[in-house]
Structure formats: C-alpha cells, structure tokens
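Let's take a friendly walk through a protein model, starting with its rings and then moving on to its sheet. Have the picture open beside you as you read.

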Amino acid sequence: MTPNPRRARRLKVPLRPADLRGLSRLGVDAVVGVTDIVETVHHTIASISGITGRAPAGRPSGITGFVYRTVRSTTRVVGQGLDSLWSRLPFDTSASTPEREAFIAALNGVWGDHLADSGNPLAVPMSFRIGGRPYRDALPHVAPTGKLLVLVHGLAMNDLQWSRRGHDHGQALARDLGFTPVYLHYNSGRHVSQNGRDFAARLDELVASWPVPVQELVIVCHSMGGLVTRSACSVSDGHRWRALLSRIVFLGTPHHGAPLERGGRLVDMLLGVSPYAAPFARIGKTRSAGITDLRYGNLQDADWQHRDRHAQKHDDRQPTPLPEGVTCYLVAATTSDNTTGLRSATLGDGLVPLASALGQHRDPKLALQVPPSQQMVVTSANHWDLLSRSDIYQQLRAWLA
C-alpha cells in the first residue's frame with residue numbers, strides 16, 4: 001500500500017533534543033507508575049481481598065517485592081543514563097513549528113503540573129509572545145501602540161492556536177481598531193490560581209517594559225484562559241496594570257466548571273469501590289491540576305489547598321466576583337441549532353454548558369450577573385468555533401470599538 005503523503009505530513013512532529021530528554025523522563029515516570037499499579041494489583045490478589053472494601057496495606061514482601069523494587073530501580077538507572085545522553089546533544093536553536101508547539105501544549109495540558117514539579121524541560125514557562133516569538137524580539141516589527149490587547153489561550157492549547165481557519169481575533173482587532181496584540185503562552189496543566197498569580201506579575205512587567213505609554217489594556221480570553229484572567233484580577237491589588245484594564249471578553253469560559261471533569265471524578269470514585277480496580281484509578285488521577293480545577297471552575301488557592309485535589313465533591317469555591325470597574329463581556333456557544341433543550345444545557349459548545357459560559361449559578365454569591373447587553377450566544381458552533389466565527393468577531397469589534 002502506498003503511504004498517503006498528506007497523512008505523513010500531519011503525523012510529523014519535529015522535536016528538539018531537549019524535547020526528547022523530557023519525553024524520556026516522562027516515559028521513566030510512566031513505567032515506574034505502571035509498575036506500582038501492577039504491584040498493588042498483585043498484592044491485592046495474593047491477599048485474597050473481597051470484591052469490595054479496602055485494599056491491603058503495604059507492598060509485597062520476599063522475592064515478589066524484590067522483583068518490583070528491581071524493576072523500579074533499573075528503570076530509574078536507565079532513565080538517568082538516557083537523561084545524561086540527551087543532555088550531551090547540542091542545543092537546538094532552530095525555529096519551532098506549529099506541530100511541535102501543539103504537541104508540547106497538549107502534554108502540558110494533561111500533565112503540566114507534574115512536568116513543572118519534576119523539572120522536566122517539556123514544562124512550558126509562562127511568557128508573552130507575538131507570532132510564536134518572545135514579544136520583545138517581535139516588537140520592532142509591529143509598530144506598538146498604547147492600546148494593548150492581551151489574548152489568553154485555553155487548556156492544552158498555545159498562543160499560535162488563536163489563528164484558526166485564516167482568522168485571528170488579535171490580528172483582526174489590530175487591523176480594525178489599532179490594538180497591539182500580545183499572546184500569553186503558559187503551562188495550562190498547573191493550578192489556575194498558580195497561573196493567575198504569575199499572570200498578574202507578568203502583566204506588570206509587560207506594562208513597565210512597553211515601548212510606548214499604555215493608555216488602555218484589554219484582555220480577550222478563551223476557555224480556561226478566562227479562569228486564569230479572573231484569578232489574576234483577584235490578586236491584582238497594588239499591580240500597575242490593574243488601573244489600565246478597561247475590558248475583558250470571555251469566550252466559552254467555564255466559569256462554573258465543565259461536566260466532563262465531573263464525569264472523570266465519577267469514574268475515579270467507581271473504580272475505587274473495588275480494591276482490584278482501585279489501582280487503575282491512579283491512571284485517571286494523573287490528569288493535571290489544571291484539569292481538576294475545571295470541575296467547578298476553581299480560581300483561588302483556597303479552592304483546592306489543604307485537601308487532595310481529586311476529593312472536591314461539590315461546589316464549595318470561594319466567591320470570586322468579576323473585577324470592579326472593568327466592563328466584562330461573555331460569549332457562549334451551543335452545538336445545537338437553538339439555545340434551549342438538553343444539549344445546550346448539559347454540553348453547550350461540546351465542553352462548556354451555556355449556563356457555565358454565561359456565569360449563571362443558583363447561588364447568587366457565585367453568579368456573575370453580567371447584563372444581557374454584554375452577552376452573546378451563538379448556535380451551531382463548537383468550543384473552537386469561538387476563535388473563528390465571523391459573527392463573533394463582529395460583536396468583539398463592536399464591543400471594543
């Protein structure tokens with residue numbers, strides 16, 4: 001069979017030596033983790049546990065325990081050797097590619113907290129970029145204005161993915177309204193509150209280093225990016241940029257969480273019923289802190305600290321209102337051809353229900369109370385169409401003019 005050259009191009013992900021080093025470390029972590037799961041299942045079976053109840057404590061002893069310890073130690077030794085080998089390769093200064101950026105962003109979305117905590121080179125450091133380059137390097141080519149527009153991407157995405165189907169909200173607003181767009185690039189697998197705090201600090205640095213006086217700051221955010229932005233605003237007291245912030249546009253932000261993550265917690269709980277299945281729940285629990293924050297839309301450290309992040313059983317977040325003195329706009333979508341019905345209420349754009357994107361909540365302390373004139377709902381659109389629909393852009397332009 002002749003290979004399809006178009007499919008081959010789609011599957012090609014050019015990686016750098018540092019990427020291979022990071023993947024090697026991640027692979028070692030995965031093998032050790034799987035070994036732990038197999039060992040726990042083995043110990044459970046050997047202990048003749050009941051179908052339900054607690055798994056036996058401890059680890060296998062004797063020859064069995066020795067075998068598992070040997071597998072783990074050997075894996076770590078091999079990993080150290082590979083790590084040393086990759087570190088000796090020359091540093092790759094070639095330009096990145098959209099395929100590589102998307103691959104790294106997806107890894108960070110799923111395991112970003114682990115990558116950051118383990119010092120893995122695949123962890124994305126937070127930065128501002130223009131066209132995939134550090135913004136300072138790109139500024140001489142864009143003629144910066146005093147109207148600063150910051151765009152914040154969502155989970156498992158990156159700054160280059162604001163461009164979709166030939167359209168980029170940032171570039172279009174630069175053309176039509178004179179904004180200078182700058183794109184936040186960050187590790188979406190970390191806790192939202194951690195990214196929010198770093199975002200607040202980076203905005204101060206951005207405003208201070210901007211080559212012309214900043215007259216106005218506007219933020220446009222997609223999906224999780226809206227939670228990161230709200231978190232940054234909640235810790236913005238004393239920050240210079242806060243007085244410049246005039247408007248925020250939220251595109252499909254899960255202000256009150258997403259049902260898919262709540263479904264993930266249900267699977268974890270069901271697997272935990274039996275000691276034979278419980279070890280496999282560890283696989284699901286490797287999903288990042290950023291993903292678990294999407295269960296109810298956690299924004300503050302207090303929403304997740306002092307407990308296991310997988311144990312949040314109900315919406316007990318601290319109320320975090322929208323920032324005072326800032327005009328906020330909400331855009332929501334539904335894949336249905338109407339805004340009523342079960343599909344719109346439960347799945348909305350495929351990931352975020354309409355009520356969550358519109359900030360609606362039965363607890364008035366958590367509801368966002370945005371006037372209808374500052375809301376837009378589009379039908380027959382999915383979560384990513386929010387980045388490219390022409391009617392959405394026309395509304396953005398009208399709001400920000």
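Rings of Phe, Tyr and Trp (its six-membered ring) pair if their centres lie within 6.5 Å; planes under 30 degrees apart count as stacked, over 60 as edge-to-face, and the rest as tilted. By that rule, the structure holds four aromatic pairs. Before we look at some of them, a quick note: this is a predicted model, where local features need pLDDT of at least 70, side-chain atom pairs count only at pLDDT 80 or more, and totals for chains, interfaces and linings use all residues. Residues are numbered from 1 along each chain as its sequence is written, and side-chain values use heavy atoms, with hydrogens and water left out.

**The rings**

Two of the pairs involve F128. With Y135, the ring centres are 6.4 Å apart and the planes sit at 90°, so this pair is edge-to-face. With F199, the centres are 6.3 Å apart and the planes are at 50°, so that one is tilted. The F128 and F199 pair also ties together distant parts of the chain: F128 belongs to strand β1 (residues 127-130) and F199 to helix α7 (residues 192-209), 71 residues apart. (Helices, H or I with at least four residues, and strands, E with at least two, are DSSP runs numbered from the N terminus.) F128 and Y135 are both buried, and F199 is buried too; buried means under 20% relative accessible area, exposed over 50%, and partly exposed in between, with a 1.4 Å probe and protein chains only. Add W210, and F128, Y135, F199 and W210 form one aromatic cluster.

**The sheet**

Which strands stand at the edges of the sheet? Eight strands make an open sheet in the order β2-β1-β6-β3-β7-β8-β9-β10, with mixed pairing. At the edges are β2 (133-134) and β10, each with a single partner strand, so one side of each is left without a neighbour in the sheet. Two strands pair if DSSP finds at least two bridges between them, and here are some of the pairings:

| Strands | Sense | Bridges |
|---|---|---|
| β1 and β2 | antiparallel | two |
| β1 and β6 | antiparallel | three |
| β3 and β6 | parallel | five |
| β9 and β10 | parallel | four |

You can find individual partners as well. F128, which we met among the rings, has L184 of β6 as its bridge partner, while I130 has R133 in β2. The hairpin of β1 and β2 has two residues between the strands, and G131 there takes a positive phi near 65°. Over in β6, P181 stands opposite L149.

Now look at β10 (residues 375-378). In a regular strand the side chains alternate between the two faces of the sheet. Here M376 and V378 point to one face and are buried, whereas Q375 and V377 point to the other and are not. M376 stands opposite V331.

**A serine in a loop**

Is S336 buried or exposed? This residue lies in the loop between β9 and α12 (342-346), and at 8% relative accessibility it counts as buried. A polar atom of the S336 side chain lies 3.2 Å from the backbone nitrogen of N338. Leaving aside residues up to four places away in sequence, S336 touches R343, S344, T379 and S380, where contact means heavy atoms within 4.5 Å.

Note on methods:
Polar contact = N/O pair within 3.5 Å; in protein donor to acceptor, adjacent residues only side chain to side chain.
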